[in-house]
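Let's take a walk through this structure together. Keep the 3D view open as you read.

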Amino acid sequence: MKFLNGQNCSFNYPVISMGTFDGVHLGHQKLLQNLTDRAQETGGESVVISYYHHPLETIHKKTFPYLLTERNLKEKLLREFGVDCILYLEFTEEMAAMSPADFLKKILIDEIGAKEMIVGYDTHFGRFRAGNYEFLKKNAEEYNYKVSLVEPFKIKNRIISSSLIRDFVREGDLFDAARCLGRKYSIIGKVIKGQQLGRGIGFPTINLQPVDANKLIPGIGVYVCEIHWKNTIFLGTTNIGYSPTLKKNHYKEIETFILDFDEDIYDQTVEVIFHKKLRDELDFASTRELIDQIKKDVENTRGYFQNNPAKK
């Protein structure tokens, strides 16, 4: 039985690492550097085993917002770090019940033929997540592979993890999120039609629908952003929330006013890149007060980019 999907890869000396790699953050990057360095040293191939969907989706049987990095972006980032082959486990209930011993034998040895394994401090696999570095080390001689452990990456003595970054994003702390990711947080999505109320007050916005329903959305508030569309960078101010002054539907939306822009881009795919939070979302006493505040937000956005030239 084949357990892995993805690229058609041929292996001479596969050096592998495995995990969700959600965020491809600085901790992941440290692991990837060790992986690709070792593959080059041995003349082998660097192989990442990941998941199409996070295992928690299978375990909890529901959609929930957790995803830091869309699949296409994750693959792009992994490629940029020099990974030769990316393979995916289709995580099922049957796989969740697989023992660490079966996972090692059937997938890592029989299907890939792993020669070396580079694992992080939090690498776990198999039923009850019982497989780890110690398990791999104990079985290395039997299956004739090498295994090495990469220590966690820390900032100010704090371990960088996807869970930590999710907390920052939920709180609207995009500065600390970016510091841990090694790049600014973004959302890739399709532009959909909204109620077009912004147009009526002189600030037409695009409404963004994330390409992945599980994408983690920053906390409610107003943000300074870049918008990437067709290899062009635009500046913008994004409101995440309910627009309580104009709307009463209590439906959370991602709305971006793109500065110096007047094109119809419905159904187009864009990437909104978050730089910083300007303020909380407010319920104004009048539309006039809202308009005045939006003008200030736009001025602050321009001022931010004058001092920090736009770059991803």
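**Two helices that cross**

In this predicted model, helices α5 and α6 lie oblique to each other, because the angle between them is neither under 35 degrees, nor over 145, nor in the range 65 to 115. That angle is about 50°, and the two axes are 12 Å apart. Those two values are what one uses to describe a pair of packed helices. To find the pair, look for residues 100-112 (α5) and residues 133-143 (α6). The crossing of α5 past α6 is right-handed. On the α5 side, the contact is made by Pro-100, Ala-101, Leu-104, Lys-105, Leu-108 and Ile-109. From α6 come Phe-135, Leu-136, Asn-139 and Tyr-143.

Now move along to α10, residues 287-307. With 21 residues at 1.5 Å each, this helix should span 30 Å, and its end C-alpha atoms are indeed 30 Å apart. Which residues of α10 are buried? They are Leu-290, Ile-291, Gln-293, Ile-294, Asp-297, Val-298, Thr-301, Tyr-304 and Phe-305. Look down the axis of α10 and these buried residues fall within an arc of 165°, so they line one face of the helix. Glu-299, Gln-306 and Asn-307, on the other side, are exposed. The cover over the buried residues of α10 includes the strands β11, β12, β13 and β14.

One last stop: Val-211, in the loop between β10 and β11. Val-211 is partly exposed, at a relative accessible area of 48%. Leaving aside residues up to four places away in sequence, Val-211 touches Glu-70, Ile-188 and Gly-189. Val-211 and Ile-188 are 23 residues apart in sequence, yet their C-alpha atoms are 6.2 Å apart in space.

How values were computed
Residues numbered from 1 in each chain as written. Predicted model: local features only at pLDDT ≥ 70, side-chain atom pairs only at ≥ 80, totals over all residues. Heavy atoms only, no water. Helix = DSSP H or I, 4+ residues; strand = E, 2+ residues; numbered from the N terminus. Expected span 1.5 Å × (residues − 1). Buried < 20%, exposed > 50% of the residue type's maximum accessible area, 1.4 Å probe, protein only. Arc of directions from axis to C-beta. Contact = heavy atoms within 4.5 Å. Axes fitted to C-alpha atoms, helices over the stretch in contact; angles between N-to-C directions. Left-handed = near helix turned anticlockwise from the far one by under 90°.
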